[in-house]
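Visitor: I am new to this protein. Could you walk me through the fold, one question at a time?

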Amino acid sequence: MAPPSVLMVGTGEYTTGFVGGGASGSDKKVGVVGLTMFDLRRRGKVGKLSMVGVSGRKFPAIKQHLHKNISEVYNGLDVSFESFPADDQTDPDAYKAAIDALEPGSAITIFTPDTTHYPIALYAIQRKIHVLITKPATKLLEDHLKLLEESRKHGVFVFIEHHKRFDPAYADARAKAQKLGDFNYFYSYMSQPKFQLETFKAWAGKDSDISYYLNSHHVDICESMVPEYTPVKVTASASTGTAWDLGCVAETEDTITLLVDWRKKSDPSRVATGVYTASWTAPQKAGVHSNQYFHYMGSKGEIRINQAKRGYDVADDEQGHLVWYNPFYMRYAPDEEGNFAGQTGYGYISFEKFIDAVTALNEGRVTLDELDKRGLPTLRNTIATTAILHAGRKSLDEKRSVEIVSDGSDNGWSFK
Ligand SMILES: NC(=O)c1ccc[n+]([C@@H]2O[C@H](COP(=O)([O-])OP(=O)(O)OC[C@H]3O[C@@H](n4cnc5c(N)ncnc54)[C@H](O)[C@@H]3O)[C@@H](O)[C@H]2O)c1
């Protein structure tokens, strides 16, 4: 069977690294999705590639950027793809024509503002197209559950791109946590520098908040570490002021903290506390693009991980400060033959696992239930994360604690 064709939806920082007319100032100057897909095509794992955005006018510059920063760097790696809409058109619905051009069994990746994940994913699922959605899967719990129902109806795989599940340190810690008794306490912090508010000005504070953008990572890690527990109450708190000083819209919070009560499914007397904090108003020159760490405590032990300053550090006069790099996430240095060599990074592995699962499903070698049982970040395995993030938003908007009620079934989730 031919490898699946893949349509990349969204042409921004994560897909191409091209933002605001040039390369992103973050650690993703050439993006992640495009580079990974071009390399998976070189390795024969994906077939035809296409990309869709809102404005076709950006494509000539994007193609030039990819040629200069990928083809010329990695041994002439083929960066060609079919683009939608045409170079002289602007069309927010162009994703429909791009998806209609795919064969059933093909796949799409969605890296667009959070509010657009649901309609784009639903359109693809209903046409028997497998879907990878960046985190957060959806903003609303009911949308997440609807996508789950539709994906089972149409027999397609939906994978949420929670790449931190494949970070070697986090994956090892998850296994260790299973041996540390009952879940008792989890604390996480994740931040990015203020300039991201400029990169994301089209949607930051309007279509998404910092909790959806960054807390989503550690809430998912926590969910994946404690399958015996379910979240029952969320109380959110936010700090404000810095984003406003930078000209962001009034709804933009700086830092959001979610305080979550978790209860053991088999013994409701066992309660655990999760505290998840995320910020996009961190200093510009913190030395790392994303600060990120967590502390897990069980009844028989604890785990502490600091993911920010690992790998190696570089002092570069042009940067004017020490910078820590993380090649475990995306390794951009070519190998001795000049080819891209980042296949071991968890930013890449996450996409390869999705594509391998799609191929195995298309060839009848695996079922959707088996993929859920493998603990992959499927729609079914990430319901609690969406419930917590949505409850956090409600808690801030309604200025109260929000209870999460669940009977354990796919559709049995609601708020009180
Ligand atoms: N940038 C990162 O480091 C990163 C990492 C992980 C996940 N994400 C997630 O990626 C999403 C945003 O993508 P980004 O980081 O590339 O941001 P971005 O703002 O740079 O790009 C967003 C892209 O979405 C496109 N878009 C908007 N509406 C669309 C539509 N209707 N059809 C097709 N394309 C549409 C825009 O044209 C733009 O190219 C968010 O959900 C975010 O949480 C980003």
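Visitor: Let us begin with a single pair. Which residue is the bridge partner of Tyr229 in β11?

Guide: This is a predicted model, so every answer here is computed from predicted coordinates. Strand β10 covers residues 229-239 and β11 covers residues 255-264. The bridge partner of Tyr229 in β11 is Lys264.

Visitor: And which residue of β11 stands opposite Ser239?

Guide: Strands β10 and β11 run antiparallel. They are joined by 10 bridges. Opposite Ser239 stands Thr255.

Visitor: How many residues are in the hairpin that joins β11 to β12?

Guide: Strands β11 and β12 also run antiparallel, with 9 bridges between them. One pair links Asp261 to its bridge partner in β12, Thr273. The hairpin joins the two strands through 6 residues.

Visitor: Now the whole sheet. What is the order of its 8 strands?

Guide: The sheet is open, and its pairing is mixed. From one strand to the next, the twist averages 10 degrees. The order is β14-β13-β9-β12-β11-β10-β17-β18.

Visitor: Why is one side of β14 and of β18 left without a neighbour in the sheet?

Guide: β14 spans 301-306 and β18 spans 413-415. Both stand at the edges of the sheet. One side of each is free because each has a single partner strand.

Visitor: Which strands does helix α8 touch as it packs on the sheet?

Guide: Helix α6, residues 168-177, lies across β13 and β14 and runs at about 175 degrees to β14. Helix α8, residues 210-225, makes about 150 degrees with the direction of β12. The strands α8 touches are β9, β11, β12 and β13.

Visitor: There is another sheet, of 6 strands. Is its pairing parallel or antiparallel?

Guide: This open sheet has the order β5-β4-β1-β6-β7-β8. At its edges stand β5 (82-84) and β8 (158-160), each with a single partner strand, so one side of each has no neighbour in the sheet. Neighbouring strands are turned by 15 degrees against each other on average, direction ignored. The pairing is parallel.

Visitor: Which residue in β7 is the bridge partner of Ile110?

Guide: Strand β6 holds residues 107-110, and β7 holds residues 130-133. They run parallel, joined by 4 bridges. The partner of Ile110 is Ile133.

Visitor: How far apart are the C-alpha centres of domain 1 and domain 2?

Guide: Domain 1 is made of 6-163 + 348-378, and domain 2 is 168-327. Their contact takes 15 residues from domain 1 and 12 residues from domain 2. On the domain 1 side, these residues divide into 4 nonpolar, 6 polar and 5 charged. The C-alpha centres lie 24 Å apart.

Visitor: What does UniProt list for residues 94-162?

Guide: Over this stretch, the chain is 48% helix and 16% strand. Its end C-alpha atoms are 26 Å apart. The UniProt entry is unreviewed, and the name it lists is "domain: Gfo/Idh/MocA-like oxidoreductase N-terminal".

Visitor: Last, the ligand. Which of the 24 residues around it come nearest?

Guide: The shell around the ligand draws at least three residues from each of domain 1 and domain 2. By class, the shell has 12 nonpolar, 8 polar and 4 charged residues. Those that come nearest are Gly10, Gly12, Glu13, Tyr14 and Thr112.

Terms used. Residues numbered from 1 in each chain as written. Predicted model: local features only at pLDDT ≥ 70, side-chain atom pairs only at ≥ 80, totals over all residues. Domains from an automatic or database assignment. Contact = placed C-beta atoms within 7 Å. Nonpolar A, V, L, I, M, F, W, Y, C, P; charged D, E, K, R; others polar. Near = placed C-beta within 6 Å. Pairing = 2+ DSSP bridges. Axes fitted to C-alpha atoms, helices over the stretch in contact; angles between N-to-C directions. UniProt positions renumbered as here; feature names shortened; annotations may be inferred.
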